[in-house]
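Me: I've got a model open and some labels I'd like to pick apart. Mind walking me through them?

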Amino acid sequence: MNSHKTDGKENQEKVAVIGAGIRGLCTAWELTKNGYSTIILEKQKFPGGLAGSIEHNNYQMDLGPHFFRLLRNSPISRDIKSLMGDKDLKEIQFSYKVYFHGHTLDVSYPEIYDIVFKFGGKFFLKSLFGLLSSKIKYYFKKDFLNAEEYLIKTYGKYLYYIWFKPYITERYGEPKNQTKDFIISHFPSFSFLTIFSYVLKKRLSKKIQNPKITKKNDEENVNWYFTYGMGHFIKKIIEYIENNNGKVHLNTEITSIDHENKIISFSNEKLKDKIKVDKIIYSTPPPISIKWFDNIPNYIKSTKPKGNRLNSIMVFLGINSSKLFDGWIMNVYDPNISFFRISQQSYLSDKVCPQGKSLLCLEIKVRDEQGLWNSDDEEIIVRIKNDLQKMKILTTQSIDDFKIIRMKGTYPILGEKDEDYSKILEFINSHNNEYIMSTVGSRIKNSGDIKPTSGGLNGALVNTRAIVQKIMNESKN
């Protein structure tokens, strides 16, 4: 395999990374490149977390869609090419679609303008009636109980439920968990004159792109996936770490941590051991990380997460058709459809499923008490098949193979931000030479060679570069 050079930098400091999710792996990889000795400890039997891959009947099933969006000639791009090699990288174009209340659109999310003026008379009349009704109902009310009431008053109940609620929930968490000031700053009030001016501008003008600018941007940016799936990238990272005297322990339980002396006791099927390190990085969530600490202050013990953490059901379908729709990812905003996203994984590479077939990954968010979480596999497949037929994605094709994976408490608590655990984060970071991933770099909008997106891999790179730079700066001092 290709190896990175550390330019003679041989830092003897040993760093333990707890958690082999994509952030933990990328952090260990970055540290290893800079001469640190790294050891990864992971509770699960496989690395990668929600960015892992599963082999099943000649399919390489990636847990959801993952990609890097980078500047083409940046240092991190060169690092990834050096690690993977050209043949293991596949350059992709953004190919998003959205299924929105029975309409399939070539956008990541429709504008309000689309709903009111492009979806037909029914949508227009309901939007107008809802808006007028709210204006009359709340005419004399100047203050509002919460962000949800503000949005309903300002835009009407119909637009709130059909557009604002799914949009805000997807990006920030449920509206009821947001502050009024935050929502007002993002969605200010308006007058009917403002609406008229906006519609007039939309109808009389078209957005004109400068071909030179577009071409320049296309040349500067690159979107990469992996020819053999996400698991191949993870395998390469682990190989690099182990080839540079690092270690990766899977299916491992940490029994205790001596924070003063930085001694970690752990065990797995093969060994029971203790390691002494110089630094510890927690890439596990704050509520999990805190369990390895003693003398936890009462104000942390009483910290309770807001909302409900959601479970994940990932349904993989092998279908006897080479292509089901023109695109890669389809985000679903329709309360009558059971899943919220489809990724057509065979669209990216013919190495991830048998030739002439398609591989779909459908992701479902579900609470403990909801029926699908407690349904058997056959019931879930029937529901999924009916939904795909309703969306006209599945017509005459048949489902040849499937695999269903259930994961408990996968999705973040709705409306929860880092601030909700700020005391936990401060407590962990107060320990000398210990760091938690969710605090460093989590709010960086751009990191030089990384294009800011909501993608998990870009987030991993942002956090990785921030925390490794912090460690290196502290080592110098």
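Reply: Sure, and keep in mind that this is a predicted model. Let's start with helix H2: its buried residues are Ile76, Ser77, Ile80, Leu83 and Met84.

Me: What makes those residues of H2 one face of the helix?

Reply: Look down the axis of H2: the buried residues fall within an arc of 130 degrees, so they line one face. As a rule, an α-helix has 3.6 residues a turn, so residues three or four places apart point the same way. Right after H2 comes Gly85, with a positive phi near 85 degrees.

Me: Why is Ile80 called buried?

Reply: Buried means under 20% relative accessible area, and Ile80 is listed among the buried residues of H2, so Ile80 falls under that cut-off. Across the protein, 49% of the 477 residues count as buried.

Me: What makes the largest nonpolar core a core?

Reply: The term asks for buried nonpolar residues joined through side-chain atoms within 4.5 Å. Here 40 residues make up the largest such set, and Ile22, Phe68, Ile80, Phe233 and Ile281 have the most contacts inside it. Elements giving two or more residues include strand E1 (14–18), helix H2 (75–84) and helix H15 (456–476). There's also a second, separate core of 28 residues, including Ile115, Ile162, Ile183 and Phe190.

Me: Which residues beyond its sequence neighbours is Ile281 in contact with?

Reply: Leaving aside neighbours within four places in sequence, the partners of Ile281 include Val15, Val17, Leu31, Tyr435 and Ile467.

How values were computed. Residues are numbered from 1 along each chain as its sequence is written. This is a predicted model: local features need pLDDT of at least 70, side-chain atom pairs count only at pLDDT 80 or more; totals for chains, interfaces and linings use all residues. Side-chain values use heavy atoms; hydrogens and water are left out. Buried means under 20% relative accessible area, exposed over 50%, partly exposed in between (1.4 Å probe, protein chains only). Helices (H or I, at least four residues) and strands (E, at least two) are DSSP runs, numbered from the N terminus. Contact means heavy atoms within 4.5 Å. The arc is that of the directions from the helix axis to the C-beta atoms.
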